[in-house]
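Grab a pencil and have a look at the protein below. Try each exercise yourself before you read its solution.

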Amino acid sequence: MASYRITSKQEVNDYCKKIYSKGYSKGHSTGISPLDPHYTFRKGELTIMTGFANIGKTTSQLFLMIMSAKLYGWKWLMYCPENEPVGDLMIDIAEMYCGGTADRDFNDRINQEDYLRGINWAYEHFTVLTFDETPTVEDVLGAFQDYMQVTPVDGVSLDPLNDLKAGEKQSKYDYYYDALSNIRRFTKKNKIAFYLVVHPGTAANRRRNDDGSRPAPNMSDVEYGSMFGNRADNFIVFHRNPQSENWNMTEVHIQKVKFQKLVGVPTPETRPIALFYHYATRRFRYLNENGSPIDPIALVDSKVKPSNIF
């Protein structure tokens with residue numbers, strides 16, 4: 001039988017006094033003005049992300065991670081087997097950091113000095129683990145923990161959960177249930193941000209709007225979706241219609257925020273946050289109130305740092 005204890009009145013009083021005098025640890029601005037009312041960076045939380053294949057889930061996730069590194073110096077530890085080799089992932093980060101491509105087929109590519117500076121910055125803020133064989137969730141969390149005992153990080157990313165190996169003689173439901181329980185404990189214990197990517201099911205891929213486009217998936221479209229929705233502190237859906245006129249527009253649906261007074265409130269179902277991918281700079285932009293495109297990384301570089309909104 002698992003051991004337990006009852007929280008004392010003194011412990012509760014001490015906690016309440018601390019909150020009254022110092023306040024809650026609230027979320028930090030993402031640097032993306034239209035996103036901040038709905039989602040902010042806060043450690044100790046599990047953020048689950050989903051979206052269809054080939055719509056830019058990893059790029060969108062990296063953009064948020066880069067913003068946290070640019071604004072607050074956050075360092076990230078990653079396991080992302082679908083985005084190997086690691087060198088290509090670091091190039092993606094460096095290009096977004098520099099605001100241009102290093103591809104030799106482009107005449108306006110970034111110069112070598114800037115490129116190498118971007119690579120060095122990427123390695124200062126992002127560490128990527130690889131395994132010789134497909135690991136289990138416990139293998140990845142154990143490797144994360146080993147690394148963090150030597151080098152502190154602010155966040156970790158596991159992209160995607162579906163790629164990992166389930167335990168022997170374990171049903172998929174039990175595998176996901178145990179995995180999410182272990183991930184939540186890991187997140188709270190280490191007080192880090194945890195980004196977990198999962199894939200939507202095949203039924204969501206087949207669903208179509210009247211015009212033939214695919215609607216954005218939601219929490220229930222993930223296999224055993226209610227389990228993931230219940231366990232997540234935040235649930236984010238990235239969605240894009242590559243065949244539409246707005247092929248470069250990524251919808252960011254914030255579908256769940258557990259601690260709304262600390263992090264933000266979910267986006268309305270029909271009004272997601274729109275981010276526009278600018279191919280020349282390899283970055284996302286948003287539109288300000290006047291409809292002008294804003295590059296949030298450029299804002300940081302120009303020293304115009306947004307203040308926390310809460």
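Here come some exercises on this predicted model, each with a worked solution.

**Ground rules.** The model is predicted, so local features need pLDDT of at least 70 and side-chain atom pairs count only at pLDDT 80 or more, while totals for chains, interfaces and linings use all residues. Residues are numbered from 1 along each chain as its sequence is written, and side-chain values use heavy atoms, with hydrogens and water left out.

**Exercise 1.** Work out which radius of gyration a compact globule with 310 residues would have, and compare the chain with it.

*Solution.*
- Step one: take the rule, 2.2 Å times the number of residues to the power 0.38, with the radius taken over C-alpha atoms.
- Step two: for 310 residues the rule gives a value near 19 Å, and the chain has 20 Å, so the two agree.
- Step three: check the inside; 47% of the 310 residues count as buried, where buried means under 20% relative accessible area with a 1.4 Å probe, protein chains only.

**Exercise 2.** Find the expected span of helix 2 and check it against the model.

*Solution.*
- Step one: locate helix 2 at residues 57–72; helices here are DSSP runs of H or I with at least four residues, strands are E runs of at least two, and both are numbered from the N terminus.
- Step two: multiply 1.5 Å by one less than the number of residues.
- Step three: the 16 residues should therefore span 22 Å, and the end C-alpha atoms are 23 Å apart, which agrees.
- Step four: look around the helix; 14 of its 16 residues are buried, and G73, which follows helix 2, has a positive phi near 75 degrees.

**Exercise 3.** Describe the largest pocket and what lines it.

*Solution.*
- Step one: know what to look for. On a 1 Å grid over the protein atoms alone, a pocket is an open set of points where a 1.4 Å probe fits, with protein on both sides within 12 Å along at least five of seven lines; lining residues have an atom within 4 Å of a point.
- Step two: the largest pocket holds about 490 Å³ of space, counted as the space filled by probe spheres set on the points, which are joined across faces, edges and corners.
- Step three: 21 residues line this pocket, and Y15, S25, R42, K43 and L262 are the closest to its centre.
- Step four: helix 1 (9–22) and helix 9 (260–263) are the elements that give two or more residues to the lining.

Notes:
Buried < 20%, exposed > 50% of the residue type's maximum accessible area, 1.4 Å probe, protein only.
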